[in-house]
Amino acid sequence: MPFLGAHTYQGDTGKGSSAGLRLGTMVGGRIGEMFSINGEFGIDGLNPDNVPTGVDVTAVSVDVTLSPLVHVRTGAIELVAGPKLGFWGARSEAKSSASGATASASGNGNLIGLNAGLFANVSNGMAIGGLLSFDVRFPGHFCFQNPGMAEMCGDATGSAAKVLGITGAALF
């Protein structure tokens, strides 16, 4: 199931960022008519707000989860829902166009969440629709490096990030 859409950080962890692009896929197989076991891989393009003029920021987050689904078919419509459990990682770089100096940060941690979707049959083997995801990303380990300084790493503290994703998807 490939998917493409947008994500947004919710609550306090969403301060300082705007909605961004979400791209991913879910690959797995059915166990009977009502269940499937899937591995999910997602990439989120992060959009920090209030970036100073002359600074270019690149930031991305990746998650890998086990995402089983329950499938309920009602005629030509299929409803899907299920939990997510896995890991996330993120990296960002801020580069000054004036000096060329670059600061970077990276982090990773655990993730739990939920998927829910609604699909309409297009053909016997394909349905199109939408997928709504909600993830809670718990902080684990972070590293920071400022220009001209050594990288500093340690265990992360702070609130878990809450991420809402809305995507269009094709179900095969």
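Is aspartate 135 buried or exposed? Aspartate 135 is buried, and its relative accessible area is 0%. With that settled, here are some close-up views of this predicted model.

**View 1. Arginine 137 and aspartate 135 pair through their side chains.** The two side chains meet in a salt bridge, with an N to O distance of 3.7 Å. Arginine 137 is buried as well, at a relative accessible area of 3%, while the value for aspartate 135 is 0%.

**View 2. A salt bridge connects strand β3 with strand β4.** Here the side chains of arginine 22 and aspartate 44 come together, 2.8 Å from N to O. Arginine 22 belongs to strand β3 (residues 20–31) and aspartate 44 to strand β4 (residues 35–45), so this pair ties together parts that are 22 residues apart in sequence. Take a look at the surroundings too: arginine 22 is buried, with a relative accessible area of 3%, and aspartate 44 is buried, with a value of 0%.

**View 3. Salt bridges link seven residues into a network: Arg22, Glu40, Asp44, Asp63, Lys84, Asp135 and Arg137.** The pairs from the two previous views reappear here, since Arg22 and Asp44 belong to the network, as do Asp135 and Arg137. Across the whole structure there are 11 salt bridges.

**View 4. Arginine 73 and glutamate 78 form a salt bridge.** The closest N and O atoms of this pair are 3.1 Å apart. How accessible are the two partners? Arginine 73 counts as partly exposed, at 41% relative accessibility. Glutamate 78, on the other hand, is buried, with a relative accessible area of 2%.

**View 5. Cysteine 143 and cysteine 153 are joined by a disulfide.** A search of the whole structure finds one disulfide, and its S to S distance is 2.0 Å. Cysteine 143 sits in strand β10 (residues 126–145) and cysteine 153 in strand β11 (residues 152–155), so the pair ties together parts that are 10 residues apart in sequence. The torsion about the S-S bond is about 115°, so the disulfide is right-handed. As for accessibility, cysteine 143 is buried, with a relative accessible area of 10%, whereas cysteine 153 is partly exposed at 43%.

Technical notes
Residues numbered from 1 in each chain as written. Predicted model: local features only at pLDDT ≥ 70, side-chain atom pairs only at ≥ 80, totals over all residues. Heavy atoms only, no water. Salt bridge = Lys/Arg side-chain N within 4 Å of Asp/Glu carboxyl O. Helix = DSSP H or I, 4+ residues; strand = E, 2+ residues; numbered from the N terminus. Buried < 20%, exposed > 50% of the residue type's maximum accessible area, 1.4 Å probe, protein only. Disulfide = S-S within 2.5 Å.
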